[in-house]
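Student: Could you take me through one part of this model up close? I'd like to hear about the aromatic rings and how they sit in the rest of the fold.

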Amino acid sequence: MRIKTIILAVIVALGLVVPTAATASAADQHAHHRIVRVFHPATSPTLVQGSGLGTVRTFFVPISANGKNGDGYYMTGTLTTVTVGLASGDEIRASNLTFVFGTETNQMVVGGISLYAPANATISVGAKTIRPIIGGSGIYDGARGYVVTTNLGADGWSHVFHVLD
């Protein structure tokens, strides 16, 4: 009987300690992050192939990042229409965007989806979308986190990267 009581006490103690440790660990993982601010002028796709479902829009855009720009600072990628005819009238486009920071060694890759009005090449002026950072290289090796993209209309685009350490 005494052994059962000891085993039960150990199980209860572990049950109380493990979730607390897991919660602290998750909080610590998101406690530190760095911000990378990217800006570029208003832009249009460099190429549009197809129409409706499967349309691919290709982009190449010079960028500035944290005030740095010039050769080697650019964003390239595609938006692909993967769903049309939603009840809201919107469509879903999947993104595959690569941001290059000074040299091809230093990249962050962004994926995910966003809602778009079918007639628009981009998200609406004033709209924001959040997409995941799915990787990086060089100074962004193993990058993870998210980026908030805002269409500033004639003033261009803002991409605020929240890179989790």
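Tutor: Let's settle one term before the rings: a contact here means heavy atoms within 4.5 Å. On that basis, among contacts in the protein with a separation of 6 or more, 49% are between residues 24 or more positions apart. Keep in mind that this is a predicted model. Its average pLDDT is 85, and 81% of the residues score at least 70. The weak spot is helix α1 (residues 2-29), whose mean pLDDT of 43 is the lowest among the elements, while strand β7 (residues 107-110) has the highest at 98. Over residues 4-28 the pLDDT is below 50, and that stretch has 1 contact in the model beyond near neighbours in sequence. Where pLDDT is low, the predicted coordinates shouldn't be read in detail.

The secondary structure comes to 1 helix and 11 strands, and along the sequence the helix is followed by the strands. Of the 165 residues, 34% are buried.

Now the rings. The whole structure has 4 aromatic pairs. One of them joins Phe101 and Tyr140, tilted, with 4.9 Å centre to centre and 55 degrees between the planes. Phe101 belongs to strand β6 (residues 91-101) and Tyr140 to the loop between β9 and β10 (145-151), so to speak two distant parts of the chain, 39 residues apart. Phe101 counts as buried because its relative accessible area is 5%, under the 20% cut-off. Tyr140 is buried too, at 7%.

Phe101 also pairs with Phe161, this time edge-to-face: the centres are 6.3 Å apart and the planes make 80 degrees. Since Phe161 is in strand β11 (residues 157-164) and Phe101 in strand β6, this pair ties together parts 60 residues apart in sequence. Phe161 has 0% relative accessibility, so Phe161 is buried as well. Add Phe99 and you have one aromatic cluster, made up of Phe99, Phe101, Tyr140 and Phe161.

For a polar counterpart, look at Thr129 in strand β9 (residues 128-137). Thr129 is buried, with a relative accessible area of 10%, and its side chain makes a polar contact of 2.5 Å with that of Ser114. Leaving aside neighbours within four places in sequence, the residues in contact with Thr129 include Ile113, Ile123, Val147 and Val148.

One last stop is Asn66, in the loop between β4 (64-65) and β5 (73-83). Its phi is near 50 degrees, a positive value in a residue other than glycine. Asn66 is partly exposed, at 47% relative accessibility.

Conventions
Residues numbered from 1 in each chain as written. Heavy atoms only, no water. pLDDT = per-residue confidence, 0-100. Helix = DSSP H or I, 4+ residues; strand = E, 2+ residues; numbered from the N terminus. Buried < 20%, exposed > 50% of the residue type's maximum accessible area, 1.4 Å probe, protein only. Polar contact = N/O pair within 3.5 Å; in protein donor to acceptor, adjacent residues only side chain to side chain. Phe/Tyr/Trp six-rings, centres within 6.5 Å; stacked < 30°, edge-to-face > 60°.
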